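Here's a chain to get to know through a handful of questions. Take a look first, then follow along.

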Amino acid sequence: MFNMRKLMTVLKRKMLLTSATDRAMAADLAKGMAAYETGDYQTAYAERLPLAEAGDATAQYNLGQMYRQGQGEAQDYATAAKWCRHAAEAGDAKA
């Protein structure tokens, strides 16, 4: 799926090189990723949703995948496509 160590390195760099608001968002994204890795999909969803709504492409893509797989919320392909489309428009290459 994805390399958690690489993701955490990227998030740490982002936290060092960005504003306090961006650092807080990166920390919340890291919490969401950690929760997802342990199977705590409700927490992962709750951490990612505000970030996705604020325009974070990674959080948008992750929400899309969670909706596609029915993790944290009921499976919903239309909503999954919506979040992935937002992520693609925000520059996420995977989306």
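Q: Is Tyr77 buried or exposed in this predicted model?
A: Tyr77 sits in helix H5. The cut-off for exposed is over 50% relative accessible area. Tyr77 comes in at 55% relative accessibility, so the label it gets is exposed.

Q: How far is the C-alpha atom of Tyr77 from that of Tyr67?
A: Along the chain, Tyr77 and Tyr67 are 10 residues apart. In space, their C-alpha atoms are separated by 6.6 Å.

Q: What kind of aromatic pair do Tyr45 and Tyr67 form?
A: The chain has 2 aromatic pairs. In the pair formed by Tyr45 and Tyr67, the ring centres are 5.9 Å apart and the planes make an angle of 80°. Planes over 60 degrees apart count as edge-to-face, so the pair of Tyr45 and Tyr67 is edge-to-face.

Q: Which helices does the pair of Tyr45 and Tyr67 tie together?
A: The two rings are 22 residues apart in sequence, so their pairing links separate parts of the chain. Both Tyr45 and Tyr67 are buried. Tyr45 belongs to residues 41-53 and Tyr67 to residues 57-69, which makes the helices H3 and H4.

Q: How many of the 13 residues of H4 are buried?
A: H4 is mostly covered. Its buried residues include Ala57, Tyr61, Leu63, Met66 and Tyr67. Out of 13 residues in H4, the buried ones number 10.

Q: What lies over the face of Tyr61?
A: Tyr61 is one of the buried residues in H4. At 4.9 Å from its ring centre there is a charged partner, and the residue over that face is Lys94.

Q: How far apart are the end C-alpha atoms of H3?
A: H3 has 13 residues, and at 1.5 Å a residue it should span 18 Å. The model agrees with that, because the end C-alpha atoms of H3 are apart by 18 Å.

Q: Which residues in H3 are buried?
A: A residue needs under 20% relative accessible area to count as buried. Gln42 lies in helix H3, but with a relative accessible area of 52% Gln42 is exposed. The buried ones in H3 are Ala44, Tyr45, Arg48, Leu51 and Ala52.

Q: What is the C-alpha to C-alpha distance between Gln42 and Glu73?
A: In sequence, Gln42 and Glu73 are 31 residues apart. In space, C-alpha to C-alpha, the distance between Gln42 and Glu73 is 7.7 Å.

Q: Which residue with a positive phi follows H3?
A: Let's look just past the end of the helix. The residue after H3 has a phi near 105°, and its name is Gly55.

Q: Which residues is Gln75 in contact with, leaving aside neighbours within four places in sequence?
A: Gln75 is found in the loop between H4 and H5, and at 48% relative accessibility it counts as partly exposed. Its C-alpha is 9.7 Å from that of Gln65, a residue 10 places away in sequence. With the neighbours set aside, the contacts of Gln75 are Tyr67, Arg68, Gln69 and Gly70.

Q: How far apart are the C-alpha atoms of His86 and Gln60?
A: His86 lies in helix H5 and is partly exposed, at 34% relative accessibility. Gln60 is among the buried residues of H4. His86 and Gln60 are 26 residues apart along the chain, yet their C-alpha atoms are separated by 6.6 Å.

Q: What pattern does the chain follow along the sequence?
A: The secondary structure comes to 5 helices and 0 strands. Read along the sequence, that gives the pattern α-α-α-α-α.

Q: What share of the chain's residues count as buried?
A: The chain exposes about 5600 Å², and carbon and sulfur atoms supply 53% of that area. The chain has 95 residues, and the share that count as buried is 36%.

Q: In which helix is confidence lowest?
A: Across the chain the pLDDT averages 83, with 75% of the residues scoring at least 70. Helix H5 (residues 77-89) has the highest confidence, at 96. Where pLDDT is low, the predicted coordinates should not be read in detail. The lowest mean, 64, belongs to residues 4-17, helix H1.

Notes
Residues are numbered from 1 along each chain as its sequence is written. This is a predicted model: local features need pLDDT of at least 70, side-chain atom pairs count only at pLDDT 80 or more; totals for chains, interfaces and linings use all residues. Side-chain values use heavy atoms; hydrogens and water are left out. Helices (H or I, at least four residues) and strands (E, at least two) are DSSP runs, numbered from the N terminus. Buried means under 20% relative accessible area, exposed over 50%, partly exposed in between (1.4 Å probe, protein chains only). Accessible areas come from the Shrake-Rupley method with a 1.4 Å probe; for residues, only the protein chains shown count as cover. pLDDT is the predictor's confidence in each residue, from 0 to 100. Rings of Phe, Tyr and Trp (its six-membered ring) pair if their centres lie within 6.5 Å; planes under 30 degrees apart count as stacked, over 60 as edge-to-face and the rest as tilted. A charge sits over a ring if NZ of Lys or CZ of Arg is within 6 Å of the ring centre and within 35 degrees of the ring normal. The expected span of a helix is 1.5 Å times one less than its number of residues. Contact means heavy atoms within 4.5 Å.
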